[in-house]
Amino acid sequence: MRLCHRVTMGISRSFILTLGTGMFCGFFSFYLLNSTVTVHPRYIEGISPPQSIDNHAHSHDEMENAAGPLGDVAMHSSHEVHHAGEAVEADILKDKVRVLCWIMTNPSNHEKKARHIKATWARRCNKLIFISSEEDKELGAVALKVGEGRDHLWEKTKAAFIYIYNNHYNDADWFLKADDDTYVIVENLRYMLSSYDASHPIWFGCRFKKYVRQGYMSGAFLNQMAPITRFIDKFVPILHAQQEYMSGGAGYVLSREALKKFVEEAIPNPKKCRQDHAGAEDVEIGKCMQNVGVHAGDSRDSLGRGRFFPFVPEHHLVPGHIGPKNWYWDWIYYPSKVGLECCSDTAVSFHYVPPNKMYELEYFLYHLRPYGINHLDPFPPPLPPDTKSIPQEVIEKYKKVTASTKPLSPTPLEDIQHLGQEKQGGTEQQQSDKIYTNLEKKEKSELV
Amino acid sequence: MSKETSLKTALLIVISMMLGALLSSLDIVPPLDNDRREPLTHADLEGEQIPSFPLDTHSHPDEITEARQEVQEVRVLCWVLTTPTSHLSKAVHVRATWGSRCDKLIFISSKNDTELGAIDVGVGEGRQVLWGKTKAALTHAYNLYLEDYDWFFKADDDTYAVMENLRYMLAIYDPNFPIYFGSRFKLFTKQGYMSGGGGYVLSREALKQFIEVSLPNKKLCKGDTNTGAEDAELGKCLDNIGVVAGDSRDSYGRGRFFPFTPVTHLFGLVPDWYLDYVYYKPDMGLNCCSDSAVAFHYVDSHLMYQLEYLLYHLRPHGVYHRLPDPAPLPPDTKSIPFQALRKVAGSGWVAAATERPQQVNHEEQKYMNAVD
């Protein structure tokens with residue numbers, strides 16, 4: 001009884017308070033520490049956990065922390081026997097349809113993101129430039145005198161196109177803009193563009209339409225009322241304040257003539273193009289393009305499947321990712337399906353792709369293949385459904401060409417087999433015969 | 001406050017903070033998981049959103065096959081472990097994607113479903129009876145299909161398999177020789193065994209000898225109980241009767257069967273225990289994985305449709321990727337008995353390999369990549 005009394009005397013209120021506070025602080029500080037320092041068993045030191053496929057982003061805020069591997073990711077050599085000679089057709093197209101890719105990035109993303117773009121898809125462009133506010137010769141980043149941040153993107157876009165027009169106008173036929181979280185399949189871009197003439201003012205991308213300010217009604221309000229406003233639009237055009245443009249994140253590509261018109265006619269003219277630094281860059285360039293008469297092309301394939309996408313593939317393929325109330329359904333210009341019908345076999349771009357996913361896509365698109373299947377894309381590519389958006393000359397040319405030529409088939413195996421064997425010093429067949437007979441001899445000698 | 005009490009207070013604070021830290025490490029409250037990690041176990045896949053019905057896939061009329069006749073003729077029976085609750089959430093997606101490329105697809109379950117192709121093998125459900133299920137499935141295949149198929153491939157309902165590459169790899173081997181392939185682990189038996197998660201494939205002769213020689217013999221195989229790790233048990237049964245554990249890698253030493261997702265292997269995010277178990281040390285980056293890879297695991301239904309699209313539909317125009325055929329031999333040539341290789345009458349079909357197999361020379365690769 002007395003012991004108990006002495007113990008309770010010792011445990012005063014301040015004692016309990018101190019104990020509780022101490023435990024609380026200790027618990028939570030270590031709890032947070034454990035949660036942020038993800039303890040992954042590291043086979044390769046310094047690799048940050050990838051964005052899980054299910055947890056993909058829908059906005060740039062969610063992409064803030066996406067970083068790629070710290071070191072270089074080992075890739076297959078193009079001299080390997082199964083890669084040798086594989087890109088003969090693609091290389092022919094590379095010379096005929098020259099694409100300059102410029103990537104919108106900023107200094108804090110040079111290491112985290114831009115580097116991985118260069119290591120994966122962007123090396124397939126004819127010319128690659130990273131547009132930033134800090135130079136980086138090794139990466140290929142150019143410093144433009146613009147502010148950083150999301151409200152300077154329009155200024156950056158204009159500056160980028162001016163820079164490219166001044167320095168690289170003759171280096172390419174087509175000029176692609178992409179973000180540092182866009183993944184582009186450049187061969188398919190060339191495939192799509194091969195039907196068009198770069199001296200015609202036209203541009204392609206993921207076509208969007210949304211409402212802009214109309215009198216006192218803000219664009220956002222009109223968008224929210226989209227089902228009603230679109231219905232009314234059919235009868236009374238007064239509400240027709242739809243701005244057509246191409247999604248900035250999914251990437252868009254200008255013909256050489258379109259670039260010229262944009263830089264020479266649109267940018268300097270306050271009536272045609274917004275002059276200050278603010279504004280959504282994709283909406284603003286959409287307005288400028290419309291105002292100087294650059295055609296908005298239909299980037300879908302002949303089956304109506306899209307080629308430029310504002311999200312990762314899974315988002316479009318699997319139902320339930322893009323909810324029925326999502327802005328996407330109101331903004332997308334052409335009807336867009338979900339499921340495998342969403343996306344063309346010659347799709348060009350995806351957006352919100354974190355750096356790790358770029359290596360994944362590299363592996364699935366350029367390396368892992370089911371053996372023995374060769375899918376021939378018809379050449380010239382059949383035209384998309386929206387014939388109104390196709391220049392008449394292109395339609396005429398296509399009709400003429402398809403009437404006479406037969407479709408392209410891949411280079412026969414015999415013609416390119418030597419490309420792989422030269423490196424090995426002898427034909428596969430000879431070597432294999434040698435081994436077979438050696439093994440046979442070995443077995444026979446063991447039997448004796 | 002006297003010096004003594006302030007000292008006591010300071011000590012108390014330190015001790016209580018250590019206690020708090022200790023409590024947090026006990027995982028009473030699960031750690032915040034900001035970005036979901038790649039699934040590393042079946043528990044990680046639970047509770048994920050699943051498309052409610054299989055998606056339509058389309059075929060390509062202008063697609064030509066360049067596969068050799070010998071590869072096309074390899075007949076593979078796929079048996080896929082599933083449970084009644086997963087018939088409509090997982091098995092249907094397997095059937096809608098890669099499963100339809102098997103020559104025969106059977107779902108091993110505890111409930112019959114003729115439309116899906118599922119059978120009740122009569123051992124119930126649960127992880128404790130997986131060995132029983134495996135034995136029952138192999139017995140079923142032996143009883144009904146032994147002569148009709150050359151190879152018998154096991155997968156889970158969260159496995160994604162590229163069947164063309166499986167046939168490509170197997171075409172150089174003789175199905176009448178007892179051999180099996182998969183993601184090779186090195187413990188428990190002399191030859192090691194194949195990881196259940198990564199999928200494994202038995203030759204016709206291997207299945208025959210397993211059922212006729214190994215399974216009835218208690219000394220060779222645990223035939224009487226249903227408990228046990230199905231992959232290790234099968235490995236022991238096969239090893240005891242001399243079935244060869246093959247090397248499923250390609251000639252560059254890159255793996256083809258994977259017990260985790262592609263991302264896990266590509267970025268080396270495999271758990272520590274995997275590195276202790278794996279028979280052949282894996283390479284890093286894209287060198288981990290073959291261009292003719294066969295199977296990945298913990299693939300949820302979303303990823304299955306993504307893989308369908310990325311592998312069978314979307315492709316860069318003008319890039320015609322051709323795997324050398326016949327498939328060159330893997331590096332571990334010691335594990336390939338001469339008799340295991342298929343012999344076809346007439347010249348031209350032989351197992352190609354170089355005497356010193358094509359190891360990936362990292363220095364040369366770096367130079368090549370820089371030169372490019």
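Which residues does B:W98 touch, not counting residues up to four places away in sequence? Let's work through this and a few more exercises together.

This is a predicted model, in which local features need pLDDT of at least 70, side-chain atom pairs count only at pLDDT 80 or more, and totals for chains, interfaces and linings use all residues. Residues are numbered from 1 along each chain as its sequence is written, chains are lettered from A and ligands numbered from 1 in the order in which they are written, and side-chain values use heavy atoms, with hydrogens and water left out.

**Exercise 1. List the contacts of B:W98 and place this residue in its core.**

Step 1. Contact means heavy atoms within 4.5 Å. By that rule, B:W98 touches B:C78, B:V80, B:F153, B:A155, B:D156, B:T159, B:Y160, B:A161, B:M163, B:M304 and B:E308.

Step 2. A nonpolar core is a set of buried (under 20% relative accessible area, 1.4 Å probe, protein chains only) Ala, Val, Leu, Ile, Met, Phe, Trp, Tyr and Cys residues joined through side-chain atoms within 4.5 Å. The largest one has 133 residues, and B:W98 is among those with the most contacts inside it, along with A:W121, A:W174, B:F153 and B:Y173.

Step 3. Helix α11 of chain B (residues 301-312) gives the most to this core, with eight residues. Helices here are DSSP runs of H or I, at least four residues, and strands are runs of E, at least two, numbered from the N terminus.

**Exercise 2. Describe the salt bridge between A:E362 and A:R123.**

Step 1. A salt bridge is a side-chain nitrogen of Lys or Arg within 4 Å of a carboxyl oxygen of Asp or Glu. In this pair the closest N and O atoms are 3.0 Å apart.

Step 2. A:E362 sits in helix α13 (residues 355-366) of chain A and A:R123 in the loop between α4 (110-119) and β2 (127-132), so the bridge ties together parts 239 residues apart in sequence.

Step 3. A:E362 is buried, at 0% relative accessibility, whereas A:R123 is partly exposed (from 20% to 50%), at 45%.

Step 4. Both belong to a network of salt bridges that also links A:R124 and A:E187.

**Exercise 3. Find what B:R75 pairs with.**

Step 1. B:R75 forms a salt bridge with B:D150, with the closest N and O atoms 3.0 Å apart.

Step 2. The partners lie 75 residues apart, in distant parts of the chain.

Step 3. B:R75 is partly exposed, at 30%, while B:D150 is buried, at 10%.
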